[in-house]
Amino acid sequence: MRNPQRPVTLDHVDHRLLRALAEDAGVTNKALAGRLGLAESTCAYRIRALREAGVVTGARAQLDLALLGYPLQAMIKVRLGSHTMANVSQLYDALAATPGVLQAFHVAGADDFYLHVAVENAEALRDFVLRHVTSHRVVRQTETHLVFEVRPGAGVLRA
């Protein structure tokens, strides 16, 4: 588990840079500087500083899962029967490392984990739950919800 750190103080230029990177992480420094009206050197320096501060931790490509052969997405709620630190940690690691898992969330409340998964079809979803989730001895119950559509949220950056 990550240790929470103190928030970094950002100014309006940092926020503009982060919003632009969140929209298109692959944008070139030149294009980004031009779009925001900054000098290229200023833009590069600011992005480097945001990376060094740990605010920007990487860049990811958004994949069209259906075109890759995984058109069915689901959220799987997982409840444990035993909540020792070792059981929780081992299961979390195993679930997050399972092919098909897009995101694994360790949560508070009635459930212990939420898994966002993508699979080929309904049969593959059933097999995923049986082979990779309920096969763990500490799992007491699962509940699977099909995802009809995914939309990105507004995020945390101010407009």
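**Entry 1: Asp111 and its partners**

I began with Asp111, which counts as buried at 7% relative accessibility, where buried means under 20% relative accessible area, exposed over 50% and partly exposed in between, with a 1.4 Å probe and protein chains only. I kept in mind that this is a predicted model, in which local features need pLDDT of at least 70 and side-chain atom pairs count only at pLDDT 80 or more, while totals for chains, interfaces and linings use all residues. Residues are numbered from 1 along each chain as its sequence is written, and side-chain values use heavy atoms, with hydrogens and water left out.

Which side chains meet that of Asp111 in a salt bridge? I found Lys77, at 3.9 Å from N to O, and Arg79, at 2.8 Å from N to O; a salt bridge here is a side-chain nitrogen of Lys or Arg within 4 Å of a carboxyl oxygen of Asp or Glu. Arg79 lies in strand E1 and Asp111 in the loop between E2 and E3, so this pair ties together parts that are 32 residues apart in sequence. Helices (H or I, at least four residues) and strands (E, at least two) are DSSP runs, numbered from the N terminus. I noted both basic partners as partly exposed, Lys77 at 24% relative accessibility and Arg79 at 23%.

**Entry 2: Salt bridges in helix H5**

I then looked up the total and found that the structure holds eight salt bridges. One of them joins the side chains of Arg131 and Asp127, at 3.9 Å from N to O. These two are four residues apart in helix H5 (residues 122-133), and are therefore separated by about one helical turn. An α-helix has 3.6 residues a turn, so residues three or four places apart point the same way. Are the two partners buried or exposed? Arg131 is exposed, with a relative accessible area of 59%, whereas Asp127 counts as buried at 17%. I also recorded that Glu123, Arg126, Asp127 and Arg131 are linked in a network of salt bridges.

**Entry 3: Strand E3**

I turned next to strand E3, which covers residues 113-119 and contains His116. His116 is buried, with a relative accessible area of 12%. Leaving out residues up to four places away in sequence, I listed Gln73, Ala74, Met75, Gly100, Val101, Leu102 and Gln103 as the residues that His116 touches, a contact meaning heavy atoms within 4.5 Å.

Tyr114 is also found in strand E3, but at 29% relative accessibility Tyr114 counts as partly exposed. With the exclusion of residues up to four places away in sequence, Tyr114 touches Met75, Ile76, Lys77, Gln103, Ala104, Phe105 and Val107. How far is Tyr114 from Leu63 in space? I read 21 Å from C-alpha to C-alpha, with their positions 51 residues apart in sequence.

**Entry 4: A surface patch**

Leu63 led me to a nonpolar patch on the surface, which Leu63 forms with Leu68 and Tyr70 and which has about 310 Å² of accessible area together. Patches are made of residues with over 30% relative accessible area and no salt bridge, with like charges joined within 9 Å and nonpolar side chains (Val, Leu, Ile, Met, Phe, Trp, Tyr) within 5 Å. Accessible areas come from the Shrake-Rupley method with a 1.4 Å probe, and for residues only the protein chains shown count as cover. I placed Leu68 in the loop between helix H3 (40-52) and strand E1 (72-80).

**Entry 5: Helix H1**

I checked the length of helix H1 (residues 12-23), whose twelve residues should span 16 Å at 1.5 Å a residue, and whose end C-alpha atoms are 17 Å apart, which agrees; the expected span is 1.5 Å times one less than the number of residues. Which residues of H1 are buried? I listed Val13, Asp14, His15, Leu17, Leu18, Ala20 and Leu21, and their cover includes helix H2 (29-36) and H3.

**Entry 6: The whole chain**

I ended with the chain as a whole, which has five helices and four strands, running α-α-α-β-α-β-β-α-β from the N terminus on. The radius of gyration is 20 Å, where a compact globule of 159 residues would have one near 15 Å; the value is taken over C-alpha atoms, and the globule rule is 2.2 Å times the number of residues to the power 0.38. The C-alpha atoms fill a box of roughly 55 × 35 × 25 Å along the principal axes. Buried residues make up 30% of the 159.
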